Every structure is written in C-alpha cells, then in structure tokens.
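Dear colleague,

Please find below the structure that I am handing over to you. My notes on it follow directly after.

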Amino acid sequence: MAYKYFPHTEENIKEMLAKIGAGSLEDLYAELPDSVKLKRDYKLPEALSEVEIRCLFDKLGKKNKQLTCFAGAGTYDHYTPSAIPQLVERSEFLTSYTPYQAEISQGTLHYIFEYQSMMAELTGMEVSNASMYEGSTATAEAVLMAKAAAKKAEKVLISETVDPKILAVIKTYAHYHGVGIEMVKARDGATDKQDLKVKLAEGGVAGVVLQQPNRYGIVEDFTGVADLCHEQKALFILNSNPADLALLKTPGEWGADIAVGDGQSLGIPMNFGGVSVGYMCCTEKLTRKMPGRIVGKTLDQDGKRCFVLTLQAREQHIRRQKATSNICSNESLMALWVTMYMSFMGKEGLKEAAQISYDGAHYLYDELLKTGRFKPAFNQPFFNEFCVKYDGDVDALLKKLEENGILGGIKVGGDTLMMAVTEKRTKDEVDNLIALCHE
C-alpha cells in the first residue's frame with residue numbers, strides 16, 4: 001500500500017477522491033507552493049531498543065539550556081508544589097472525559113465545582129464555568145458573549161494595552177462572527193479613558209476589553225470604567241492575571257461583567273508554551289450566555305449532596321444550532337491542576353507568593369535605574385513585570401545575559417526591555433542580573 005499509515009484501502013481512497021473530484025491525494029495539496037513541501041524522507045532513526053531510545057532522548061534533552069527566567073509577557077516561572085504532578089498523573093484524571101453521567105462521575109464533577117468556587121472567589125465574580133482552553137480564547141469567547149447579550153450592537157472596543165497575542169485571537173474569532181473591532185488609544189502605557197469615553201458615546205458598542213496588569217505590566221486604574229460601559233449598555237470585559245488577584249483589586253470590585261484570563265500563573269509550568277487553562281467568570285445574569293460547562297451542586301433522591309452538569313442546553317451536544325459556543329471541550333486536567341495549586345497554597349500562600357514577586361520586581365527595577373544604563377519606559381505603577389529603556393544594544397544585552405545562563409526579559413521595542421520577577425527568583429539571581437547589566 002502506498003500510504004501505509006492511512007487506515008483505508010486503495011478502493012476507499014479512490015472512492016473518497018472521486019466524491020470530491022480529486023484525481024489523487026497529491027491533488028489535495030496542489031495549491032501549496034513547492035517550497036513548503038517536504039520532498040525527502042523523515043529524519044527518523046531505525047527501530048531502537050528501549051535502552052537505546054532512552055539514551056537518544058537523554059542526548060536530545062541535554063541540548064536544552066536551562067536559563068534563570070526573567071521573562072514574562074503572559075507566561076511566568078512560578079513555583080509548582082511537587083505533589084501536584086504526582087496527583088494529576090493518576091490514570092483516572094489523565095483518561096477522564098466529559099462527565100456526562102453524573103452517577104459515575106462524582107469525583108470529576110466535585111473537583112470542577114471546587115475549581116469554579118475558587119475562581120469565582122479569586123475574581124470576585126458570581127459565576128465561573130468549568131474552564132476553557134487558555135486565556136486568549138477565553139477572552140475571544142467573552143467578546144462573542146458581549147455580542148450575544150447586546151440587542152443590536154456589533155462592535156467591541158479593545159484597549160491598545162491588551163496583549164497582542166490575545167488581540168490576534170480575538171480578531172480571528174471576530175472576523176468569522178461579524179464582530180467589529182475598534183482600538184482604544186493608550187497614553188503613557190495605559191488606556192486613554194477620554195478616548196474610551198468618546199468611542200463609547202458613538203454608540204453600537206457591545207463590550208469593552210481591558211487587561212490587568214496590561215501588556216506592559218502596568219496596573220491600570222479602572223475607576224469609573226464600569227459606569228462608562230454600562231451607561232452605553234456595553235459589557236465590561238477584564239482579562240486579569242489570576243496570581244496577581246491575590247493582592248490586586250478583583251474584576252468584581254472593578255465592576256466587570258465578565259472576567260477572563262489564563263490560569264498558567266497558578267502553578268502551571270511553562271513547558272515551552274503549553275499546556276494551560278483559561279478561566280471565565282461572569283455576573284449571574286449572564287450565566288446563560290456563558291460558553292462551556294457549569295457544574296452545580298444539588299441533592300440526590302436520598303437527600304445527599306451530589307454534583308451535576310447544569311444548563312446543558314447551552315452545549316453543542318444538545319440543540320447544537322442554538323449553542324452559545326462550540327468550545328464545549330476544556331482543559332479540565334489543568335483546571336484540576338490549578339485547583340490543587342490553590343488548595344495547597346491557600347489564601348495566605350497566594351498572597352505571600354504575589355508579595356514576593358512584587359517586592360522582587362520593584363527591587364530589580366530600582367537597582368537597574370541606579371546603574372545609569374536604564375530609565376523608566378512609563379511613569380505608571382506595576383506589579384511584578386515592568387518595562388525599562390536601555391541606553392545600549394538591547395539584543396546584545398540579552399545575548400550576553402543568555403550566555404551567562406539568564407533569560408533576561410523580552411524586547412518590546414527598539415530600546416525597551418520588559419522583565420518579570422516571580423517568587424522563584426532569589427536575591428542572588430536578581431543581583432547577578434544587575435551585576436551583568438553594570439558591566
């Protein structure tokens with residue numbers, strides 16, 4: 001058989017190709033330029049024994065360079081309690097799927113309920129769903145929620161201080177759902193409230209998306225923003241870093257209608273960019289517009305506490321054409337991960353980790369300014385991430401730091417460097433970074 005990895009016979013393939021009017025499998029890729037087509041065999045070794053395979057991967061693993069991380073921009077090097085990986089790797093968690101049958105899924109439903117309860121408390125909101133893919137898609141889904149909740153408005157305002165990665169996902173969703181996107185200007189790294197007020201007054205706005213801390217690490221003051229939105233019948237959507245909410249004002253306290261974000265900062269390792277989990281919380285009146293699953297607590301026929309999926313008509317397996325979203329699947333394993341993290345850390349532990357991160361970032365910031373090589377990029381408050389302008393070659397500085405085992409931050413402009421500090425960074429590590437920047 002020409003395609004030995006295809007689970008179809010030659011007759012099956014011919015029948016399918018004929019159905020779609022293609023002469024061969026190659027015709028399916030006719031529009032792709034030759035420059036992107038692989039025209040050689042895969043560089044895969046011959047069959048190896050278990051010992052040889054382990055040796056191969058050990059060699060590959062040693063090519064990785066372990067760096068002390070001072071980079072952030074949405075993914076942060078936070079501490080993970082060692083018990084979590086051991087617990088989530090139990091087979092009943094790794095192999096579990098949608099808990100449709102409540103009679104045999106009480107364990108899964110219970111931890112999802114606890115996750116929802118913790119996220120609702122952390123964000124200061126009334127309702128949480130059972131989690132989503134990650135923060136960007138959660139924010140995009142919140143935009144669709146705003147459009148669905150609005151009667152005629154089909155435009156959403158997004159601050160220029162929202163992370164570009166989040167904005168890109170929102171634009172993709174918006175394009176295929178007929179949602180107009182208009183940007184709100186930034187002033188000194190923060191949302192320009194006057195520009196927001198003007199654009200809201202123009203009408204036709206279903207929602208407003210802001211971020212806390214924003215793309216530059218700045219902690220914005222959203223006083224009065226909720227009132228501005230609600231006066232124009234628009235929803236206030238706030239994307240927040242959940243780890244920072246242990247100390248910062250919550251979305252609920254700011255008057256947000258929908259709170260979204262990425263749960264990676266709640267103890268999930270960086271893992272080359274994945275895996276993560278998105279959270280979504282909202283006010284009670286928006287519950288039926290919320291995508292994904294919601295687990296509720298009730299009593300069984302014997303009067304005992306139990307857990308069930310609730311409001312299931314919103315999901316794609318029931319009345320699919322009327323579903324709020326087809327993002328029904330979620331990263332439930334990672335929802336369990338962050339539930340364990342919050343349980344192990346406790347309220348005081350979350351606050352302590354956030355405080356250490358805050359203190360470390362401000363110490364690094366102050367010491368960098370003392371070198372005379374750096375100056376503030378913005379005159380704004382920040383939490384554990386900040387931007388500074390460097391009077392030299394930023395690329396050369398980052399290369400020098402990398403050569404000394406440090407991932408020194410992220411270049412966000414010609415002379416601007418963004419750095420983040422978490423509770424894992426020791427004073428010795430910070431001082432080492434500062435010393436290298438002195439040279």
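**Findings in the predicted model**

Gln101 is exposed, as its relative accessible area is 52%. The structure is a predicted model, and Gln101 sits in its loop between helix H4 (91-94) and helix H5 (106-123). Computed along the sequence is not the only way to place Gln101: from Ala150 this residue is separated by 49 residues in sequence and by 34 Å in space, C-alpha to C-alpha.**Helix packing**

Two packed helices are described by the angle between their axes and the distance between the axes. The axes of helix H5 and helix H11 come within 9 Å and cross at roughly 60 degrees. An angle of that size falls outside the ranges for parallel, antiparallel and perpendicular pairs, and H5 and H11 are therefore oblique to each other. Their crossing is left-handed. On the H5 side the contact is made by Tyr111, Ile112, Glu114, Tyr115, Met118, Met119, Glu121 and Leu122, and on the H11 side by Ser332, Leu333, Ala335, Leu336, Val338, Thr339, Met342, Ser343 and Lys347. By residue class, this contact of H5 with H11 divides into 11 nonpolar, three polar and three charged residues.

Met118, in helix H5, gives a detailed view of this contact. With its neighbours within four places in sequence left aside, Met118 is in contact with Thr339, Met342 and Ser343. The C-alpha atoms of Met118 and Ser343 are separated by 9.0 Å, although the two residues are 225 apart along the chain. Met118 counts as partly exposed because its relative accessibility is 22%.

A second pair consists of helix H11 (residues 332-370) and helix H13 (residues 427-438), whose axes come within 10 Å and cross at roughly 20 degrees. Angles under 35 degrees count as roughly parallel, and H11 and H13 are therefore roughly parallel to each other. The crossing of H11 and H13 is right-handed. Tyr363, Leu364, Glu367 and Leu368 of H11 make the contact with Lys427, Val430, Asp431, Leu433, Ile434 and Cys437 of H13. Seven of the residues in the contact of H11 with H13 are nonpolar, none is polar and three are charged.

**Cysteines**

How many disulfides are there? With a disulfide taken as a pair of cysteine sulfur atoms within 2.5 Å, the count comes to zero. Cys229 is in no disulfide, and the nearest cysteine sulfur, that of Cys282, is 16 Å away. Cys229 counts as buried because its relative accessibility is 0%. Cys437 is likewise in no disulfide; for this residue the nearest cysteine sulfur belongs to Cys69 and is 15 Å away. Cys437 is buried, with a relative accessible area of 1%.

**Backbone geometry**

Most residues other than glycine have a negative phi, and most peptide bonds are trans. Three places in the backbone may be read against that background.

- Ser131 has a positive phi of about 100 degrees although it is not a glycine. Ser131 is found in the loop between strand S2 (127-128) and helix H6 (135-149), and is buried, with a relative accessible area of 2%.
- Asp188, also not a glycine, has a positive phi of about 55 degrees. The loop between strand S5 (186-187) and strand S6 (190-191) holds Asp188, which counts as partly exposed at 35% relative accessibility.
- The peptide bond from Gln212 to Pro213 is cis, with omega near -15 degrees. Pro213 lies in the loop between strand S7 (205-212) and helix H9 (225-231).

With kind regards

Technical notes:
Residues are numbered from 1 along each chain as its sequence is written. This is a predicted model: local features need pLDDT of at least 70, side-chain atom pairs count only at pLDDT 80 or more; totals for chains, interfaces and linings use all residues. Side-chain values use heavy atoms; hydrogens and water are left out. Axes are lines fitted to C-alpha atoms, for helices over the stretch in contact, and angles run from 0 to 180 degrees between N-to-C directions. Helices (H or I, at least four residues) and strands (E, at least two) are DSSP runs, numbered from the N terminus. Angles under 35 degrees count as roughly parallel, over 145 as roughly antiparallel, 65 to 115 as roughly perpendicular and the rest as oblique. A crossing is left-handed if the near helix is turned anticlockwise from the far one by less than a right angle, and right-handed if clockwise. Contact means heavy atoms within 4.5 Å. Ala, Val, Leu, Ile, Met, Phe, Trp, Tyr, Cys and Pro count as nonpolar, Asp, Glu, Lys and Arg as charged, and the others, Gly among them, as polar. Buried means under 20% relative accessible area, exposed over 50%, partly exposed in between (1.4 Å probe, protein chains only).
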